[in-house]
Each structure stands twice: as C-alpha cells, then as structure tokens.
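Biologist: I am new to this structure and would like a close look at one part of it, the interior. Please go through it step by step.

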Amino acid sequence: MKLKIKVYDAMMGSGKTTKLIEDISALPADSNVIYITPLLSECHRVAGTSYDEEDEYKRPIVQYEDTGDGIEEYIYDPKHILCNRRFRHPNLSEGSKMETLLFQVKHGCNIVSTHSLFRAINPKVVAEVKNQGYILVLDEVLSIYQKFDELKLEEVEQLFKNEILSVCEDGLTLSFNKSKFGETDHTRYQDIADLCDMRQLMLVDGKVVVWEFPISALQAFSEVWIGTYLFDGSQMAAYLKAHSVDYEMYRFGKKPSEIKHLIKIEESKILNKIGDSKGSLSHQQTVSKKINIEQIRKNLNTFFRAKNKTKIPDRLWTIYKPASREVSAGRYAKSWLPYSTKATNEWKDTWCVAYMVNLFVNPMIMKLLAQKGSNMDQTLYALSEMVQFIWRSRIREGKEISLYIPSKRMRELLKEWLNDEYEDKK
C-alpha cells in the first residue's frame, strides 16, 4: 500500500499543533494514533495529562496503577479535546521505554512520545505498528541523518578486511555478516548488526558512517501527518524524495510580513563586518579554523551590554557548540541555546537575540543524498533553522525583539523572508 503523507506547513504561531489535535479528535473512535513531539512537556499538552513540576522525567500523574491489563490509568483533564482518546506515555511500566512502547502498541493504545524515543524504534515495534494500522503524527520533522560515531574509520576498515562488513548493491548501505561474529564480539556489535539489518548505516566516501532513519518505520503506518514550517528545506523532505515517497502539502496561517514590525535587526556596519563574506561564520571557519573568535566574543558583548544593556533573563544567543564556551568566556553561558533547537518555550521572555552562525548542510549529507538521487535546498534549510531559533524568544508571544545576525548571507535571507519572498517557494 502506498504511503500517504500530509504536511501541515505553517509559520510558527499559526496553530499547527492545535490543528493536528483537532484533526485527531475528528478521526473515527477506533483509530490508533502515535503522536511524536520534541518535548516531554508537549506530550502532556497533547494527551491532556499533567506531571509534578519537581519530576525531572515529567511522568504523568497516575490515578491508579492496577487495571488488570498492566496499563496505568492517568488523571486526564476532562475538558481536553482528546480526553476520551486516553493517550498513553511509554515511560511508566517496568523495563525500558521501548519495551513499554511495544507493550502499548500491541494493546492498540493511543500513544504520545518524543522524537528521541521514536528515532530509536526497533523492528518489533515496527511490525506491531503495521499490524495495528496506526496513524503517525509528527509535531516537527524528524532528524533523519547524523554521523554515526560508534564506528571509527580504522574499525570500519578492519571489519571490511575480516569480511564482517560489506557494502550493498547501492554503493552506500552497510551489510553485516553475523556468521563472522566471534563470541567475544557478539555484545559489542549486536546493535550495529541490528542497524545494518534495518538498512540504517551508510558509508559515505568510504570514510564516514552516517545513520539514517529507517523508511520501513514510516511505511508501517497507514498515514503520516507532519506539522512543521518550510518543510521543503528539511532533511526529511530530501529523504522522502530519495525514497520516492510523495507528500501532500497543506499550507495555512500567518505570513512573515505580518510580524516584520516586531523584529529590529542590528545594522551596525562595525558589528556586522565579521560576516561580510559568504563563508563567514560557517562551521568550518568558526570551529575548524577558529577565524574571528576573539572578534565574535567582543561583538556579542557589545550587542548585549553596550547596545541593549541587557540582563541575563533578556538574552538568547547561539553559535556552534564547540565554540560556545570560548565565545561566552563565562559571561553568557546561561543564555546559550543550540541553533537547531525547536519547540521549547523556556526562552519565551527573552528579547535580545544573537544568531552567530551561517548554516550550510553537512557536506557528507549532501553527498549521501546525491548518491540517492536527491538533494537539499541550502537556502530553505538555513532559513528554516534560523527562524525556528528566533521563535524561541518572546516574538512567539507577539512582542518586539532586537536581533543580531552578523552573517550577511543569513541576515539577507531573513529580510527576504520578512518581505514574503519565500511564500511562493514553500
């Protein structure tokens, strides 16, 4: 059966999550749904459950535990639109979260969980999902690719030499020969063998192993709904193209020009000089070559203290993690956030934002996609990541912010976006 994917593509603040929840409520009562969201706190928003603020694991408050079938009963908000769906959280029963997820899927429960758990989905869960006919709802796109650091190049070369690893006919996917296992190696390589069985490990350029989310996991669902923004610039869009999977776009919500008046962009030629060239503030220049680190630190300090006279609760900034400590110099560590952060509202009161990166797709991911007959739009990717980060600030509350983007390339992208120049490219 052909995989049916529907993308809810709308700008932040346009009510994507609300729309997804409403559409779930309109499904037939016997529909099975797995809802995946980036944050544990968002799981409760979807399910209508609550948690103790002192519980770091944000486990749902339980009404009683023994229902006779091993499934805990939570306290649900009776006014919540999905109250009658009785969404389960796979983090209460004994054993691992994945074991609990498998148990709940076997029982046909509606389930809400996080991206991190779903990305680790295993063949047993996939098989049960297919049997039960689940609908998958993704709040924000999945991170599809990442470098697989558990296998170093020297080890890969040795495994090839011992005929334990080989490359499949596509020239990318790694295959694991379990018959070559030594008894002492079994535990060390079992997880890697399982990943190879699901066709999740790729060897790019003969030197870098990249993990890919298994397409078989998506294909197990009867439907997939994705709530995001600028989807066509995402890894996931390129991944679906690589696997010849079509998707239907449903666009709605606000236009960037409607919030343009809320963003005051820093236009100081002195502060922006470090980002004038196309490659300035890229990962290679900032992390590998450490170009302008001292000047970046001085500029950040000038923007936060001299230009805006901020205090800690006012600030939000990002730069590549390996450079963050050196740039912060102990002053702004509490205000730093990874540039890829999505969905959190913990910084919703900040108004002075510094975006100190110039994003490009990882070259190895681009090479992998090219070998699969796909590609990523560098411009849409950079733009989508940037606006998602900016929306961690109080602009999500409809309040003004001051914004420092020293990279000329990224700054011009934002200005074009604010003038609605990408509305017809989505």
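Modeller: A nonpolar core is here a set of buried Ala, Val, Leu, Ile, Met, Phe, Trp, Tyr and Cys residues joined through side-chain atoms within 4.5 Å. What follows describes a predicted model.

The largest nonpolar core has 124 residues, and the members that touch the most others are Phe213, Trp317, Ile319, Leu414 and Trp417. Helix α15, residues 378–390, gives this core its largest share, eight residues. Apart from this core there is a second one of 18 residues, with Cys43, Leu82, Phe87 and Ile135 among them. As a general background, nonpolar side chains in soluble globular proteins tend to be buried together.

Trp417 is a convenient place to start. Not counting neighbours within four places in sequence, Trp417 is in contact with Met11, Tyr229, Pro256, Ile259, Leu383, Val387, Trp391 and Tyr422. Of these contacts, Leu383 and Val387 fall within the residue range of α15.

Ala382 also lies in helix α15. Is Ala382 buried or exposed? Ala382 counts as buried because its relative accessibility is 0%, and the cut-off for buried is under 20%. Beyond four places in sequence, Ala382 touches Leu359, Arg409, Met410 and Leu413. One of these partners, Met410, is 28 residues away along the chain, yet the C-alpha atoms of Ala382 and Met410 are separated by 7.5 Å.

Next come the strands. Trp317, already named in the largest core, belongs to strand β15, residues 315–318. Arg315 and Trp317 point one way from β15, Leu316 and Thr318 point the other way, and all are buried. β15 pairs with strand β16, residues 352–355, in the parallel sense over four bridges. Within that pairing, Cys352 in β16 is the bridge partner of Arg315.

Strand β10, residues 201–204, can be read in a similar manner. Leu201 and Leu203 are on one side of β10, Met202 and Val204 point the other way, and all are buried. The partner of β10 is strand β11, residues 208–212; the two run antiparallel and are joined by four bridges. Opposite Leu201 stands Trp211 in β11. β10 and β11 form a hairpin with three residues between them, and in its turn Asp205 has a positive phi of about 60 degrees.

Now to helix α1. Leu20 has its place in this helix and is buried, since its relative accessible area is 0%. Setting aside neighbours within four places in sequence, the contacts of Leu20 are Tyr8, Tyr35, Val137, Leu138, Trp225 and Gly227. Between the C-alpha atoms of Leu20 and Asn362, which are 342 residues apart along the chain, the separation is 31 Å. After α1, in the loop between α1 and β2 (32–37), sits Ser31. Ser31 counts as buried because its relative accessibility is 14%, and its contacts beyond four places in sequence are Arg85 and Asn110.

The interior also has empty space. How many cavities of 30 Å³ or more does the structure hold? It holds one, with about 70 Å³ of space. The residues lining this cavity are Leu40, Cys43, His89, Pro90, Asn91, Lys97, Val112, Ser113, Thr114 and Leu117. Cys43 therefore appears both in the lining and in the second core, where a core member is by definition buried. Two elements, α2 and β5 (111–114), each give two or more residues to the cavity lining, and β5 gives the largest share, three residues. By type, the cavity lining has five nonpolar residues, four polar and one charged.

α2 returns at the second largest pocket, which contains about 440 Å³ of space. Of the 23 residues lining this pocket, Met12, Gly13, Thr17, Arg45 and Arg396 are the closest to its centre. The elements that give two or more residues to the pocket lining are α1 (16–25) and α2 (40–47). The pocket lining divides into six nonpolar, nine polar and eight charged residues.

Definitions and conventions: Residues numbered from 1 in each chain as written. Predicted model: local features only at pLDDT ≥ 70, side-chain atom pairs only at ≥ 80, totals over all residues. Heavy atoms only, no water. Buried < 20%, exposed > 50% of the residue type's maximum accessible area, 1.4 Å probe, protein only. Contact = heavy atoms within 4.5 Å. 1 Å grid on protein atoms, 1.4 Å probe; cavity = no way out; pocket = protein on both sides within 12 Å on 5 of 7 lines; lining within 4 Å. Points joined across faces, edges and corners; volume = space filled by probe spheres on them. Nonpolar A, V, L, I, M, F, W, Y, C, P; charged D, E, K, R; others polar. Pairing = 2+ DSSP bridges.
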